[in-house]
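Work through the exercises below with the sequence and the coordinates at hand. Each task is followed by a solution in steps.

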Amino acid sequence: HEKRLMECASRVNIADQTIYPGSWALHNDTLSMVARLWNAPEDAFDADNSFPGAQTVGSTEACLLAGLALKMRWRSWYSKRYGVDKSTTRGILPNIVISSCYQAAWEKFTRYMDVDLKIVRPQFDKNGFRISSDDVAEACDERTIGVVAIFGNHYSGDFDPVGEISRRLEQLNTEMDWQIAIHVDAASGGFVAPFLPKGSVEAWDFRLPNVVSISASGHKFGLASCGTGWIVWRRRHDLAEHIATSVTYLGGCGESYTLNFSRPATGSYIQMYKFATLGMEGYSRAIENQMQVASLIRKKLSEMRGEDSVTPRFLILDSAYDTSECCLPVVCAMLNPELDLPYNDQDLQHVVAERHWYVSAYQLSFVHPSTDDVQALLDNGPTQDQTCFRIVVKCSLTAHLATDLIDTIRETVSFLDVAGAGYAKMHRVKPGHVRRVWTKPNEHAAC
């Protein structure tokens, strides 16, 4: 059924609301379900029977739209505050505050939309991979268009403390007479947190007054087709209205909230199909199972020991291991530096891949987009030369398959204990290579 729906939806241009009114109504119904999943205020439900927002081409487009709305909102505020016209305000470079664990979408936003990126590094010894509200407040100024809270980063799956950030910004806005708000980048967490047991996650969505927009990927934990994203705003006034474009030349009048105009209806079709077939109970059971499988993998990795049979083989880095904090069904770990092994997590990734499993490994560093300097990802944590890896537990990863993955990792480290130095020499990415959006030719060594 899903494949037939995808084929059918691929022939529908959802931008043409006049020709495909039924598909547009389905889009709005799906959007409303997403908005209510994130506790959008009911008074935002408008005469068009929808909440302010849209289905986008992945969460990258959703992030770009959210950032643009914040930028336009800031321009209006800045012009009124200082009594200058908008042409003057356009000559002032604004900034946006975000964690160093940001995704590529935000580097694209700052490059394309001429916004400075003010990066806050998580204090690893206190908060793991989560930024602190005090550090966020310190980074803000009168040119800050907003704060991006990452709800499920792609390293450890940890959730930024949106509630704490919201309360701290409320104090800051009162003290300074600013209007800095929060966009929640819930690319992954947006379809995880609503299905976790009640009370296991602090309010993170539109229940918080300073959250003005939320974006997510429907194709990750939302189980929709690839390239599905969602953006929802708290209200139309001074937010979504900056993005909306009225279209009257297609035989009617409609509003477009997206960067791209023509696009297939596949995302909303499949998202609605999943909502209808699984429902709250089905999604909740799926997430519960994924969390249990992640817990199993976490436990098995923590039990592995080095060659001395005493020192832990791995250090678990995600917050779900030794705190009460929830995170995505993701396991983040690193080979224990105390073992002084002749190989690292990237070598582990390569050997595991030869056994038909994929485990993502990263250096704990990033290239600052403004200065091109290589910086440590975390403050008071592992150095920028150290690596980690993550295991994303999808709904298809059963406990039986997870056991096979653990056995594969166990065989891999046994092999690398013997061949590690030689293997690393042949396959290691050259020193100094770190995560960045744009790469130069021949930047990667042959693997």
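A cavity is a set of grid points where a 1.4 Å probe fits but cannot get out, whereas a pocket is an open set. The model used throughout is predicted.

**Exercise 1. Enclosed space**

Task: Find how many cavities of 30 Å³ or more the whole structure has, and describe the lining of the largest cavity.

Solution.
Step 1. The search of the whole structure returns three cavities of 30 Å³ or more.
Step 2. The largest cavity holds about 60 Å³ of space.
Step 3. Its lining consists of L70, R73, W74, W77, D141, E142, T144, I145, W178, Q179 and I180.
Step 4. Two elements, α3 and β4, give two or more residues to this lining. Helix α3 gives the most, with four residues.
Step 5. Sorted by class, the lining of the largest cavity has six nonpolar, two polar and three charged residues.

**Exercise 2. The seven-stranded sheet**

Task: State the strand order of the seven-stranded sheet, name its edge strands, and place the helices α5 and α8 against its strands.

Solution.
Step 1. The order is β1-β7-β6-β5-β4-β2-β3, in an open sheet with mixed pairing.
Step 2. β1 (53-57) and β3 (116-120) are the edge strands, and each of them pairs on one side only.
Step 3. With direction ignored, neighbouring strands of this sheet are turned by 20° against each other on average.
Step 4. One of the pairs is β2 (residues 95-99) with β3, joined in the parallel sense over five bridges. Within it, I96 stands opposite L117 of β3.
Step 5. Helix α5 lies across β2, β3, β4 (144-150) and β5 (182-185), and runs at about 165° to β2. Helix α8 (residues 162-176) lies across β4, β5 and β6 (211-217), at about 170° to β5.

**Exercise 3. The four-stranded sheet**

Task: Give the order of the four-stranded sheet, explain why one side of β10 and of β12 is left without a neighbour, and describe how α9 and α10 pack.

Solution.
Step 1. This open sheet has the order β10-β11-β15-β12, and its pairing is antiparallel.
Step 2. β10 (314-316) and β12 (360-363) are at the edges with a single partner strand each, so one side of each has no neighbour in the sheet.
Step 3. The average turn between neighbouring strands here is 30°, direction ignored.
Step 4. β11 (residues 330-335) and β15 (residues 387-392) are paired in the antiparallel sense over four bridges. C332 has R390 of β15 as its bridge partner.
Step 5. Helix α9 (residues 266-303) packs on the sheet and touches β10, β11 and β15, with its direction at about 15° to that of β11. Helix α10 (residues 345-354) also packs on the sheet, touching β10, β11, β12 and β15; its direction makes about 160° with that of β12.

**Exercise 4. The largest pocket**

Task: Describe the largest pocket by volume, by the residues closest to its centre, and by the class of its lining residues.

Solution.
Step 1. The volume of the largest pocket is about 680 Å³.
Step 2. It is lined by 30 residues, and those closest to its centre are K220, S360, R390, V392 and K394.
Step 3. At least two lining residues come from each of α3 (58-82), α5 (104-113), β12 and β15.
Step 4. The class count for this lining is 15 nonpolar, 10 polar and five charged residues.

**Exercise 5. Three single residues**

Task: Is Q290 buried or exposed, and what is it in contact with beyond its neighbours within four places in sequence? Then describe the backbone at D372 and N380.

Solution.
Step 1. Q290 is found in helix α9. Its relative accessibility is 4%, so Q290 counts as buried, the cut-off being under 20%.
Step 2. With neighbours within four places in sequence left aside, Q290 is in contact with F221, P329, V393, K394 and C395.
Step 3. Most residues other than glycine have a negative phi. D372 is not a glycine, yet its phi is positive, about 65°. N380, also a residue other than glycine, has a positive phi near 60°.
Step 4. D372 is in the loop between β13 (365-367) and β14 (374-376), and N380 is in the loop between β14 and β15.
Step 5. D372 is partly exposed, with a relative accessible area of 46%. N380 is partly exposed too, at 47%.

Notes. Residues are numbered from 1 along each chain as its sequence is written. This is a predicted model: local features need pLDDT of at least 70, side-chain atom pairs count only at pLDDT 80 or more; totals for chains, interfaces and linings use all residues. Side-chain values use heavy atoms; hydrogens and water are left out. Two strands pair if DSSP finds at least two bridges between them. Axes are lines fitted to C-alpha atoms, for helices over the stretch in contact, and angles run from 0 to 180 degrees between N-to-C directions. Contact means heavy atoms within 4.5 Å. On a 1 Å grid over the protein atoms alone, a cavity is a set of points where a 1.4 Å probe fits but cannot get out, and a pocket is an open set with protein on both sides within 12 Å along at least five of seven lines; lining residues have an atom within 4 Å of a point. Grid points are joined across faces, edges and corners, and a volume is the space filled by probe spheres set on the points. Ala, Val, Leu, Ile, Met, Phe, Trp, Tyr, Cys and Pro count as nonpolar, Asp, Glu, Lys and Arg as charged, and the others, Gly among them, as polar. Buried means under 20% relative accessible area, exposed over 50%, partly exposed in between (1.4 Å probe, protein chains only).
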